[in-house]
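Biologist: I am new to this structure and would be grateful for a close look at a single part of it. Please take the helices one at a time, and say how each is set into the rest of the chain.

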Amino acid sequence: MIKKLINKLLGKPEGTATPLGKRVEITAEEHRIDPALLDERGVKVVKGLTDAGFEAYIVGGAVRDLLLGRRPKDFDVATNATPEQVKNQFRRAFIIGRRFRIVHVVYGRGREHEVIEVSTFRALLKEDDAEQVQGNEKTSKSALDGKSHVVDASGRVLRDNVWGPQIEDAARRDFTVNAMYYDPQRELVVDYHGGLADARKKVLRMIGDPETRYREDPVRILRAVRFAAKLGFTIEPKTRAPIVAMGPLLANVPLSRMFDEMIKLLQTGHALASIEELRKQGLARGVFPILDAVLDKDGALPDNVHGKFVRLALEDTDKRVAEGRSVAPSFMLACMLWGEVQQRWQRLIDGGEGAVPALQQAIDLVFDARVGDISGRGKLAADMREIWMMQPRFERRTGSGPHRLIEQPRYRAGFDFLALRAEAGEIDPALADWWEDFALGSEDDRRALLDQARETQRQTGPRSKPKAGGGRVHSVPRGSVAAGNVPAVPVAGESAAALPIDPEAMDGEGGAAHPAKKRRRRRKPKSAGAGEASSAAPASSADE
């Protein structure tokens, strides 16, 4: 290439070569992987490819977790078969991706389906071997057409679809603990870069020159943070050293990919540890706009009501993941951005806007400022909007409104959000208790609760100006009515919060025909007894 020739003429080095390593085969007696932790379908994909005459191994994070005695969340497979050859071996297989062409082999249907991701061994190429474009994935689409290995001006890889031998495929992976291969039929681990030793020492080490590897893919910076937090590993000093300097390269990564990485950081069971690791590495602020809305100038959760609210939400998310229960990004993000929604909402109300239009405008402004234009935003926004729009409706406990509200498909998600607000001290717990009694009570109980709420509201006098985020309620004994001292926020139509969303999107425990009939999953404040809070809703957050 011209660039390579010019560098030679000027006497510039061609870059730090990534070592190929040396193949080491580790038997079952040494690696001690428990076959019971294997995924039947992942093994089936390996067997199908080897029976067809190809090489195939379980690869990457799955091997790392198996060596650590963990059951992997995902089982990826690497092979010397091309994507087209892989696709031909399986009935339900689909080639996806442009940057990296891979195959998804699909088993099962609906929510119970499983995807085994199959990649072809890739060649280890230098930046000088790649074609360079000045733009990115979006601005240089025409320049990328038909090309197999392309980088941008900073060295970030935009295309990497040149096939090669396994030894080169291992060298182009990021960390040593993610560059091992496991043959489940022979029970053999193949290790080229000392990954087994690093896994046992709990060290996260980059293969090759860390600065060069971060330039190839800046998301490796976030992967280092995530794996350190998830696994409790120490980032090796040379791997850690360039992180802060390389941090600005993350601005070149597409928004959708950055959003996915943030979800992985916060919703795969180690959210609080990830935030702490981001702070330790100097990345807590300025990387994710959503975290910028939550964390203080030192990169920590603030010591106030909203900081406590977010901490409780993340603790419960971690707990649900640890217990194998489903979680949803919409609920978690609704918790994280609620403080900014309230601030903007109050400013609009103070400016003379009606309470409900002000809330709708505040939500739109927060989405534009903190989420941006990402794939799937419409569905995510609808789920979050409904949780937020439901909050003022909880303050109105008269007429037929409460009956209609508890029949909403998202009632339990909105109620769990309300319960977290109560636990954090944002509202009086009596309001959450009233709704629990109403949702779970008989018709006679409900009539009594409504009568008491109406009488108490009459006694509290004239209504005052609405306050964004909810108002005060009088504390009453458990099982009685909590009366609102702040007027109900007017809602433009009872159907305003009932957006057309998948009925199961906010609840990982089944049907939503009568969501209020199931006991809510909230943890009471210590003074009111113990319980459990919920993140509610299924979502897929695959981890490597």
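Modeller: What follows is an account of several helices, together with a pocket and two loop residues.

The model is a predicted one. The chain contains 23 helices and 13 strands. Of its 544 residues, 53% are buried. Among contacts between residues at least 6 apart in sequence, 70% join residues at least 24 apart.

Let us begin with helix α14, which covers residues 271-280. Its buried residues are Ala-271, Ser-274, Ile-275, Glu-277 and Leu-278. Viewed down the axis of α14, these buried residues fall within an arc of 160°, so they line one face of the helix. A general rule helps in reading such a pattern: an α-helix has 3.6 residues a turn, so residues three or four places apart point the same way. The cover over the buried residues of α14 includes the helices α10 (219-231), α13, α15 and α16 (305-322), as well as the strand β13 (234-235). After α14 comes Gly-282, with a positive phi near 75°.

Helix α10, one of the elements that cover the buried residues of α14, contains Lys-230. This lysine has a relative accessible area of 19%; the limit for a buried residue is under 20%, so Lys-230 counts as buried. Lys-230 and Ala-273 are separated by 43 residues in sequence, while their C-alpha atoms are 7.5 Å apart in space.

Two other elements that cover the buried residues of α14, namely α13 and α15, also take part in the second largest pocket. That pocket has a volume of about 360 Å³. Its lining comprises 23 residues, and the closest to its centre are Leu-255, Met-258, Val-287, Phe-288 and Pro-289. The elements that each give two or more residues to this lining are α13 (255-267), α15 (289-292) and α18 (355-370). The largest share, 4 residues, is that of α13. By character, the lining residues divide into 16 nonpolar, 4 polar and 3 charged.

Further along the chain is helix α19, residues 377-393, in which Met-389 is found. Met-389 has a relative accessible area of 8% and is therefore buried. Its C-alpha atom is 7.4 Å from that of Leu-359, although the two residues are 30 apart in sequence.

Helix α23 may be examined in the manner used for α14. It has 17 residues, 443-459, which at 1.5 Å a residue should span 24 Å; the C-alpha atoms at its ends are 24 Å apart, so the expected and modelled spans agree. Arg-446, Leu-449, Leu-450 and Ala-453 are buried in α23. Seen down the axis of α23, the buried residues lie within an arc of 100°, and they therefore line one face of the helix. On the other side of α23, the exposed residues are Asp-444, Arg-458 and Gln-459. The partners against which the buried residues of α23 pack are α20 (401-406) and α22 (429-440).

Helix α3 offers a further case. Its 12 residues, 40-51, should span 16 Å at 1.5 Å a residue, and the end C-alpha atoms are 16 Å apart, which agrees. Gly-42, Val-45, Val-46 and Leu-49 are the buried residues of α3. They cover an arc of only 95° around the axis, which puts them on the same side of α3. The face turned away from that buried side carries the exposed residues Glu-40 and Asp-51. The cover over the buried residues of α3 includes the strands β2 (56-59), β3 (76-79), β5 (102-107) and β6 (114-120), along with the helix α5 (83-89).

Finally, two loop residues deserve attention for their backbone angles. Most residues other than glycine have a negative phi. Glu-187 is not a glycine, yet its phi is positive, about 55°. This residue lies in the loop between β10 (180-183) and β11 (188-191), and it is partly exposed, with a relative accessible area of 33%. Lys-202, likewise not a glycine, has a positive phi of about 60°. Lys-202 is located in the loop between α8 (195-201) and β12 (203-204); its relative accessible area is 45%, and it is partly exposed.

Notes:
Residues numbered from 1 in each chain as written. Predicted model: local features only at pLDDT ≥ 70, side-chain atom pairs only at ≥ 80, totals over all residues. Heavy atoms only, no water. Expected span 1.5 Å × (residues − 1). Buried < 20%, exposed > 50% of the residue type's maximum accessible area, 1.4 Å probe, protein only. Arc of directions from axis to C-beta. Contact = heavy atoms within 4.5 Å. 1 Å grid on protein atoms, 1.4 Å probe; cavity = no way out; pocket = protein on both sides within 12 Å on 5 of 7 lines; lining within 4 Å. Points joined across faces, edges and corners; volume = space filled by probe spheres on them. Nonpolar A, V, L, I, M, F, W, Y, C, P; charged D, E, K, R; others polar.
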